[in-house]
Structures are given as C-alpha cells and as structure tokens.
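Colleague: Before I rely on the labels attached to this model, I would like to hear the reasoning behind them. Could you take me through it?

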Amino acid sequence: MATREQILDIHNLCACSHTRMAARAVTRFYDDALRPAGLKGTQFVLLAAIEADEAGSITDLADRLEIERTTLVRNLQLLRKDGFVAPLKGANGRRKPTLTPQGREALDAALPLWRAAQDQMESRLGFGSWQVTRRRLGELRRAVS
C-alpha cells in the first residue's frame, strides 16, 4: 500500500498534475478575456491556426497543434455548426478547414481582446519570465514526444 508521503509526492511533484493545473488556469484566463467576442481560448487559437493556412489537411493541422485528430475533428464540427468554419478541398485532394466570413469576423473581433490578455499575461509574469516559460514549455513537449 502506498504511503502518505508517496501520495503527497503525486500532488507536489507530478509534472502531469502541475501542467494540467496551469493549463486549466491559463485557459480560464483567456476564456474570460475572449468572452465578449463569443469565443473560448481554444476556439480562438484554432481559428487563428486555420487562418494562418499553413496546414494542407486536418491531419496536418492536428500535427501542427499537437492535438489528437479525433479531438480536432470534434472541435471543427462545433466551429462548423457555429458557422465559423467550412471544409475546403485542398490541393492534394484532402479536406482542409477554412474560415467562413463569419469565422473571420469572430477572429477579428477577438484579436484585440487576445492582445490585451496576452499583454496582461506578459506583464504579470514579466516579459523575460514569459520568454523563459515559453521556451521551457517547448522543451517539456519535446522531452515527452
């Protein structure tokens, strides 16, 4: 049977636990900031990634965002239902998501809200600390890939 100390180590030391708690807190922060535009942080990031048009297919987009393809498809279906995204046949014949005019309007409305939230996040952390944190998060992702 596990000791109390071993169980407390999970709470105090677990990388999974700490990164998930941080991710939930950051997500709430951006969700609150983007609420006036009618978007959640995850939707905003997905719309921006689609608008960047660097993905040739849904699979490419999932790889770029490091998200399971099935999760991405569910999220795209919700954005499609809201009228923000439509499928488009890519040059390679595979479907790829594209923003509708309504999706571009939503992204444009959310952009200044995101910028204000991003500036506030960087101010709270300190710009240098944010740069280190961003780099370290990249290192963390690569370490477990």
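**Reasoning behind the labels**

Modeller: Let me start just after α5, where Gly83 takes a positive phi of about 85°. Please keep in mind throughout that this is a predicted model.

Colleague: What makes Glu66 worth setting beside a residue with a positive phi?

Modeller: Glu66 has a positive phi of about 55° although it is not a glycine. Most residues other than glycine have a negative phi. Glu66 sits in the loop between α4 and α5, and because its relative accessibility of 53% is over the 50% cut-off, Glu66 is called exposed. Another positive phi, of about 55°, is found at Asp53, just after α3.

Colleague: How do you know that the length of α5 agrees with that of a helix at 1.5 Å a residue?

Modeller: Helix α5 covers residues 69–81, which is 13 residues, and the expected span is 1.5 Å times one less than that number, so the expectation is 18 Å. The end C-alpha atoms of α5 are 18 Å apart, and the two values therefore agree. For α3, with 12 residues, the distance from the first C-alpha to the last is 16 Å, close to the 16 Å expected.

Colleague: Why are the buried residues of α5 said to line one face of the helix?

Modeller: The buried residues of α5 are Leu72, Leu76 and Leu79. Seen down the axis of α5, these buried residues fall within an arc of 60°, and so they line one face. An α-helix has 3.6 residues a turn, so residues three or four places apart point the same way. The face of α5 turned away from the buried side carries the exposed residues Thr70 and Lys81.

Colleague: Which elements do the buried residues of α5 pack against, and what covers those of α3?

Modeller: The buried residues of α5 pack against α3 (41–52), α4 (58–65), β1 (85–89) and β2 (95–99). In α3, the buried residues are Gly41, Gln43, Phe44, Leu46, Leu47, Ala49 and Ile50, and their cover includes α2, α4, α5, β1, β2 and α6.

Colleague: How do you know that Cys14 is in no disulfide?

Modeller: A search of the whole structure finds 0 disulfides. The cysteine sulfur nearest to that of Cys14 belongs to Cys16 and is 5.0 Å away. A disulfide is a covalent bond between the sulfur atoms of two cysteines. The cut-off applied here is 2.5 Å, and the sulfur of Cys16, at 5.0 Å from that of Cys14, is therefore too far for a bond.

Colleague: Why are Cys14, Cys16 and Thr19 called partly exposed?

Modeller: The label is given between 20% and 50% relative accessible area, and Cys14, at 25%, therefore counts as partly exposed. Cys16 has a relative accessible area of 47%, so Cys16 is partly exposed. Thr19, which lies in helix α2, has a relative accessible area of 35% and is therefore partly exposed as well. The C-alpha atoms of Thr19 and Arg64 are separated by 20 Å, and these residues are 45 apart along the chain.

Colleague: What makes up the lining of the largest pocket?

Modeller: The largest pocket has a volume of about 2100 Å³, and 41 residues line it, of which Ala23, Val26, Val45, Leu65 and Arg141 lie nearest its centre. At least two lining residues come from each of α2 (15–34), α3, α4, α5, α6 (101–125) and α7 (127–144). Helix α2 gives the most, with 11 residues.

Colleague: What is the pattern of helices and strands along the chain, and how many of each are there?

Modeller: There are 7 helices and 2 strands, and along the sequence they follow the pattern α-α-α-α-α-β-β-α-α. The C-alpha atoms fill a box of roughly 55 × 35 × 25 Å along the principal axes. Of the 145 residues in the chain, 26% are buried. Among contacts with a separation of 6 or more, 49% are between residues 24 or more positions apart.

Methods:
Residues are numbered from 1 along each chain as its sequence is written. This is a predicted model: local features need pLDDT of at least 70, side-chain atom pairs count only at pLDDT 80 or more; totals for chains, interfaces and linings use all residues. Side-chain values use heavy atoms; hydrogens and water are left out. Buried means under 20% relative accessible area, exposed over 50%, partly exposed in between (1.4 Å probe, protein chains only). Helices (H or I, at least four residues) and strands (E, at least two) are DSSP runs, numbered from the N terminus. The arc is that of the directions from the helix axis to the C-beta atoms. Contact means heavy atoms within 4.5 Å. On a 1 Å grid over the protein atoms alone, a cavity is a set of points where a 1.4 Å probe fits but cannot get out, and a pocket is an open set with protein on both sides within 12 Å along at least five of seven lines; lining residues have an atom within 4 Å of a point. Grid points are joined across faces, edges and corners, and a volume is the space filled by probe spheres set on the points.
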